Amino acid sequence: MSDAELAQSSVDPVSNVLKWLLLVVAILCFGMMIWATVETYDEAPPHPQAFVDRSGNVVMSGDDIVAGKGGFQKADLMDYGSIYGMGSYFGEDYTASALVRLGVLTKQALTNSAATPPNTKAPGNKSLAVTGPGGTPPLPTTAPASSIPEAFADAAATATMQKQLQGIDLTQQRVVLPDAVAQAVRGLQGELTTKLSTVNLSAGWVPAKSLNPELRMQTADFIIYSAFTTVARRPNHPNTSWTENWPFEPSVGNTPTTNTFQWTWISFCFTFFAMGFVLWLYRAYLDHPDDAPMERGLAVYRALTPSQKKTGKYFLVVALVFLASQGAGAIMAHSYYERETFYGIQLNYILPFNFLRSFHLQAPIIWIGLGWIASGLFIAPAIAGGREAKGQGFLVDLLFWVSLFVVGAALLGNYLGIQGVIDKGWFWFGNQGLSYIQLGRFWQILFFVALLSWSGLMFRALWPSRDTLVEATRQFWTGAIRLEHLIWAATINVAVLYAFGMIPLTGIEKSFTITDFWRWWVVHLWVEQSFEFFAVAMSAYLLMSLGLVSRKLAERSVYLELILIFLGGVLGTGHHLYWGGGPGMWVPLGSMFSFIEVLPLVLLILEAISQHRLIKSQAVFDYSLAYLYLLGSAFWNFVGAGVFGGGTLNAPLVNYYEHGTFLTLNHAHTSLFGAFGLLALGLIYFCLRYRAGPNAKFDERWGRIAFWCYNIGLAMWIFLHFFPIGWPQLNAVYEHGFAWARSQAFYNTTLFWQWMRLPGDVVFSIGGLLMAWDFIVKLRQRPVELKA
Ligand code: HEM
Ligand SMILES: [Fe+2]
């Protein structure tokens with residue numbers, strides 16, 4: 001296709017409008033995000049200097065609470081249990097169980113029944129009777145009041161307890177706790193420190209080795225403070241706690257707020273409207289006969305450039321880390337139904353659950369990341385017509401070895417941090433204790449540099465010479481923004497967002513609300529904004545460059561999808577911030593904007609259907625295996641992210657009960673692997689096919705079988721594991737409160753379905769093994785020699 005024709009196709013008037021709209025939307029959304037950040041800092045729960053009893057004795061100091069946050073992170077308790085519902089579902093939710101115990105102990109102190117052992121004089125609400133100091137909670141029971149006066153006394157004690165807890169004023173520098181609450185806090189400090197240092201194999205718990213006695217006590221203070229924030233009222237909001245009354249614990253008066261209810265129905269109405277609007281947009285502007293000129297840039301095989309030849313080892317590491325993460329996942333899944341041992345082997349001490357989880361969560365970032373990095377680096381020289389800048393091969397090698405070193409060192413640091421070997425330097429080199437970004441800060445900085453380098457290498461690869469760069473720059477500044485520009489922009493978008501997970505750079509932040517806010521900047525904005533950006537731009541490019549759709553249509557639809565992705569994805573971060581202590585405005589912002597996120601996913605699936613038809617109509621199509629994975633990715637993006645994320649979890653009133661349960665696991669697996677994992681594997685298969693050369697023998701059988709293993713495995717996980725546990729767990733929250741639904745008493749009712757995770761694991765892993773073998777076979781195959 002000539003340059004003139006290309007220039008012609010870039011002046012599509014629809015694209016032109018969409019492009020400006022995209023720019024405005026991107027600036028507006030990130031602008032609003034800056035404003036929302038300031039609000040979040042302002043409204044986060046304050047940190048009093050001290051909590052004292054009525055005689056002025058310090059019960060908990062502000063400094064201890066902050067140090068305890070460090071202890072919580074250092075021991076990576078977020079990967080054993082959770083805090084504010086964030087973290088692992090294996091152990092208890094520390095915030096909720098501490099809240100429940102505060103209620104029980106305060107009430108006991110009020111009724112002056114300190115001599116009564118906990119839980120025997122059962123409180124009025126079922127959920128109060130949980131998580132005794134021994135670790136294993138009893139089944140919830142409601143002891144009937146033996147007489148009417150006793151019932152009245154009980155109700156009066158409950159009401160006083162709730163009033164006292166809700167009345168804690170966190171805006172004071174010195175918070176004077178009522179006697180009963182002070183007594184409860186002291187009792188709970190003892191319980192929590194004992195718990196942290198006592199082996200409880202029936203809960204899969206071995207003591208946090210990295211915590212010394214002082215840090216254990218401080219960690220207990222931090223947990224208790226987190227419970228305070230969930231029940232203490234915000235100033236001038238008599239019915240709303242700092243966490244919007246989350247978790248659901250009616251025993252202490254925590255029930256959904258009007259804000260939560262109201263924005264649920266408003267966002268539902270809005271979603272139906274928006275869905276109609278987007279379907280209209282699709283029919284009006286995208287669903288047209290594609291009569292614009294086609295390009296076939298990647299349909300031509302060219303001799304491999306030096307850097308392209310170097311990407312094979314990346315693919316092997318992808319397969320290796322992918323398999324290793326399945327291994328860790330399988331052991332973790334086993335732990336849910338046999339907590340003491342792994343088939344009789346005592347693993348808890350050598351491989352504690354939280355280490356396995358910290359590996360399991362970072363592994364997809366590593367292998368999906370490496371998959372994209374490598375396939376991007378492979379495809380870019382092909383986009384540039386088989387040319388590349390000097391030294392590109394060396395740099396691709398260097399990036400590989402540096403990344404491998406950083407990944408290895410970071411994982412080792414995670415382990416040594418949890419095991420207490422890296423003590424003082426835990427924050428820099430050990431385990432930062434934040435789900436998905438557990439790696440020590442030093443490794444995190446290096447990882448960030450590696451991502452930036454990837455973006456730099458992509459830049460060099462896409463525009464390898466002065467001429468190409470000048471032309472691309474000219475196009476960009478004259479408004480002819482091409483898919484190539486967008487692909488590169490997506491890589492820099494991925495890299496830059498990662499930096500926000502490092503605020504503040506050199507030490508730990510004192511507020512968990514703020515820490516978690518920045519954590520979601522990476523986790524959410526990565527997957528739901530920059531990853532979607534990369535996915536949409538890359539898949540559109542591949543289709544276009546294989547001559548299946550015109551550049552005009554491809555760019556049009558990418559612009560439209562990106563507008564929706566930015567519009568929904570950026571402020572949609574709010575769906576993770578409903579209950580973490582941020583301002584109440586995250587409920588409307590999070591729900592309304594993140595429902596928009598579902599819309600581009602609907603478009604993607606509509607497009608995938610028509611592309612599938614196009615491919616089927618081709619006599620020969622070399623990339624059908626890669627395309628199968630891309631199709632799977634669009635499908636799971638819609639089901640895993642759209643239906644299981646948007647549909648199942650997103651509405652605030654549902655999320656209020658659902659947050660921190662197995663339904664999140666369901667969404668996380670199906671969307672992260674389904675949408676982005678399959679995309680990474682599809683891109684690798686694309687590269688492998690291109691590498692093999694024209695008319696090469698390229699056996700698709702094993703790749704196809706692996707693909708179906710993954711899909712069947714995912715379906716088995718959903719129907720034999722996530723759903724049969726997740727939905728009853730959701731009901732359990734609704735009926736008994738969150739703490740109980742996360743207790744072992746609840747999990748013990750799910751053992752059969754925990755066990756039923758295994759069949760899906762087997763099918764999925766067979767896929768992984770076949771695919772890894774297939775990669776090796778294909779990489780050993782010598783490409784057909786072509787002239788450069
Ligand atoms: C492919 C894109 C997506 C990926 C990879 C993804 C991934 C994840 C992951 C890994 C988590 C779990 C975080 C944790 O462990 O706490 C999560 C949580 C969540 N996601 Fe997504 N997500 C995607 C799209 C979406 C969309 C489109 C929505 C809604 C419109 C959504 C709504 C949510 C919500 C509400 C939660 C929090 C659940 C809770 O703990 O209460 N996600 N997502
Ligand atoms: Fe999200």
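How far is an oxygen atom of ligand 1 from an N or O atom in the side chain of Asn655? The two are 2.9 Å apart, a polar contact (a pair of N or O atoms within 3.5 Å).

## Before you look

This is a predicted model, where local features need pLDDT of at least 70, side-chain atom pairs count only at pLDDT 80 or more, and totals for chains, interfaces and linings use all residues. Residues are numbered from 1 along each chain as its sequence is written, chains are lettered from A and ligands numbered from 1 in written order, and side-chain values use heavy atoms, leaving out hydrogens and water.

## Around ligand 1

Ligand 1 is surrounded by 27 residues (each with a heavy atom within 4 Å). Tyr436, Ser594, Asn655, His659 and His667 are the closest. Polar side-chain atoms of Glu658 and Thr664 also lie 3.2 Å and 3.4 Å from an oxygen atom of ligand 1.

His667 is found in helix α23 (residues 662–692); helices are DSSP runs (H or I, at least four residues), numbered from the N terminus. Helix α23 gives the most to the shell, with seven residues. His667 (NE2) is also the only protein donor of the iron atom of ligand 1, at 2.0 Å; donors here are N, O and S atoms within 2.8 Å of the metal (3.2 Å for Na, K and Ca).

## The iron ion next door

The iron ion (ligand 2) sits 3.9 Å from the iron atom of ligand 1. Its protein donors are His524 (ND1), Glu528 (OE), His575 (NE2) and His576 (NE2), at 2.0 to 2.2 Å. Both His524 and His575 are buried, meaning under 20% relative accessible area (1.4 Å probe, protein chains only).

Note on methods. Helices (H or I, at least four residues) and strands (E, at least two) are DSSP runs, numbered from the N terminus. Buried means under 20% relative accessible area, exposed over 50%, partly exposed in between (1.4 Å probe, protein chains only). A polar contact is a pair of N or O atoms within 3.5 Å; within protein, one must be able to donate a hydrogen and the other to accept it, and residues adjacent in sequence count only if both atoms are side-chain atoms.
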